[in-house]
Amino acid sequence: MRLFNSRASLFVRLSLIILSLFSASALAKTADFTKTATFAKTATVTKNSDFDIPTLANQSYWLKLGHYLPNTLSGYESTIDSEDFFLAANGKTHPKQELAATINALYHADASVAKAARCQYPARFTWLESKAGRTAQLDCPELERWQKVLDPDGMTLVFPTAFMNNPSSMFGHTLLRIDAQDQTRNKELVAFAVNFAAEPSQDDNAALYAAKGLFGAYPGQFTVMPYYRKVREYNDIESRDIWEYPLNLSEQEVNRVLLHLWEMQSATFDYYFLDENCSYQLLALLQLARNDLNLVDDFPFQAIPSDTVKTLANHDLIKTPNFRASFGTRLLNMSQQASHTVFDAAQKAKNGDFPDHQQYTDEQLAAIYEFAYEWLNFDFYDQALPRDPYAQRLTQLLALRSQIDAASPFEPVKNTNIAPDKGHGSTRIGIGARAAKYRSDALTFAWRAAYHDLLDPQDGFVPGAQISFVDVAVSHDEDGHTQLDKLYLIDAMTIAPKKPVFSSLSWNVRAGFDRQSTTDKQEGRWFAQGGMGQSWGDSNGLHAYALWSTSLSHGAASDDQFNLATGLESGLLWQLADDHRLGVQAQYLPLLNRSSLTQSQVI
């Protein structure tokens, strides 16, 4: 809401709508909290002499409890949009009156009313009691049962990497895992996860989902669910690697966060892709751990998940992360270790042609069945294969593997990737110079709002993926003329190279304004362009791609007519060193409706 009410332009909104035309459907609705307590609003004051309401209402912790942010001109407004979260009629915009109503309820003369209020707002009550010099005493059976099930000892921030086929996940995602007492690595999957997500209608397609998400038309809500469900969704179905960052929080700080999470049962938010998204709301939740934490202050305009992880690192809140490899990463790791003999036999086995045990050693057979099982399992999720025949074949492969008395010949995935918090920042500025035959020499200035392109350092990002959002270039020439040279609202691309075990479709989508060369000058045009194709090579070495691309444009560069063009776009990338890449891109797009013009360039 903050970004769209006061800062973003219509062009920023349109960019994700265009992007969504090339993306998959959105995420499904998740499970909700346990049943929330009910509490009637009251205006009866019984005990407020212990509290200086005007002073407390301006304290940062109270403002964080109500998710209040300063308005542009004056006052405050909460990012919570559900009226039933607030006790005061105008509590959304008046933290002082909300505090007075809270005190009235928590210290009501009727003990049953006070108990109901304290059990619905345990974080508020605990804070007010501390301000009065007392330790909060809660008698809330439902809350106690909830805490007992969670069995909290710590928290972990979970970062699934970017998923390019979903507009809401192209920047990655963050959620929390509640770590139980005496939890081991093997028991992590049965821990509970805290997720914040939009709740879209099941009938909405990808384009409508992106449009509504951009304008905040979906409600967003916190949900608690078993962690294995999220691992299955991200690690298996979407084949996204997961980074798990243990948080530097004490038991008391974890309890503060969870008490406020309990209060969030009745809270819904307008969900925005760019600012009030999953990562922003998790920071708003985590900053309740300590009085001096104000994590959301770092994100007045946009909240990119990788940047929010950096903020936690800057506040010394995260430890060394653990890496959970996806289906695709594990499969690729096996394929790199398999011999040609094992590879060919595993490919046949996954298709139902099982090997003759007399022709292979036990070690080879173990490798064949393990590799075939992982390969078929990956195809099952990636290609949405029918369950019955392929589930039966997977069971056969497991049964055959169990008959082989040999240890696994495959080494586990070695995490050589750079964690997301170690990658480059999302915003970029630049300055350069231009010299041209038909134009005056000029200085050029560039700014990119977010987030990553193919020539940036790849550490911490998905190899072969680009999401450049609001990329602007302006020039000022020696004649004193200043003009806009480029405004790419969105420039997204995925060109993961083809692998022996899977072939990823390469695609791009680009929309905005640029200038095209004519006979003796450059003219502007507005355009939207998209393409599909294939990529080859190594993302960390020499990497080539080719896309069949189509463009629709209008502007002075095409005599102010709508022009449709289609043709080839290709490129070559070379990783010289860790932070140095060279690239060349060319496109040739003949106009379909005019034979005299083409859209071609080499950069």
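**Exercise 1. Find the residues with the most contacts inside the largest nonpolar core, and the helix that contributes most to this core.**

Solution. Step 1: a nonpolar core is a set of buried Ala, Val, Leu, Ile, Met, Phe, Trp, Tyr and Cys residues joined through side-chain atoms within 4.5 Å. Buried means under 20% relative accessible area, exposed over 50% and partly exposed in between, with a 1.4 Å probe and protein chains only.

Step 2: the largest core counts 78 residues, and L99, L128, M155, L176, F222, L247 and L312 have the most contacts inside it. Helix α12 (residues 278-286) supplies the largest share, seven residues. Helices (H or I, at least four residues) and strands (E, at least two) are DSSP runs, numbered from the N terminus.

Step 3: another core lies apart from this one; it has 27 residues, including F327, A366, A372 and L400.

Step 4: the model is predicted, so local features need pLDDT of at least 70 and side-chain atom pairs count only at pLDDT 80 or more, while totals for chains, interfaces and linings use all residues. Residues are numbered from 1 along each chain as its sequence is written, and side-chain values use heavy atoms, with hydrogens and water left out.

**Exercise 2. List what L128 touches, leaving out residues up to four places away in sequence.**

Solution. Contact means heavy atoms within 4.5 Å. With those sequence neighbours not counted, L128 touches F51, L56, L99, T102, I103, L106 and Y107.

**Exercise 3. Describe the aromatic pair of F51 and Y107, and then that of W146 and W262.**

Solution. Step 1: rings of Phe, Tyr and Trp (its six-membered ring) pair if their centres lie within 6.5 Å; planes under 30 degrees apart count as stacked, over 60 as edge-to-face and the rest as tilted. The structure holds 20 aromatic pairs.

Step 2: F51 and Y107 are 5.4 Å apart centre to centre, with 40° between the planes, a tilted pair. F51 is in the loop between α2 (10-20) and α3 (53-56), and Y107 is in the loop between α5 (95-106) and α6 (111-120), so the pair ties together parts 56 residues apart in sequence. Both F51 and Y107 are buried.

Step 3: the ring centres of W146 and W262 are 5.1 Å apart and the planes stand at 55°, so this pair is tilted. W146 belongs to helix α8 (residues 141-150) and W262 to helix α11 (residues 251-263), so parts 116 residues apart in sequence are tied together. W146 counts as buried because its relative accessibility is 7%; W262 counts as buried because its value is 3%.

**Exercise 4. Give the strand order of the open sheet and explain which strands stand at its edges.**

Solution. Step 1: two strands pair if DSSP finds at least two bridges between them. Seven strands, in the order β8-β6-β5-β4-β3-β7-β9, form the open sheet with antiparallel pairing.

Step 2: β8 (269-271) and β9 (322-324) each have a single partner strand, so one side of each is left without a neighbour in the sheet, and these two are the edges. From one strand to the next the twist averages 35°.

Step 3: β7 (residues 242-246) pairs with β9 in the antiparallel sense over three bridges. R324 in β9 is the bridge partner of I242.

Terms used. Axes fitted to C-alpha atoms, helices over the stretch in contact; angles between N-to-C directions.
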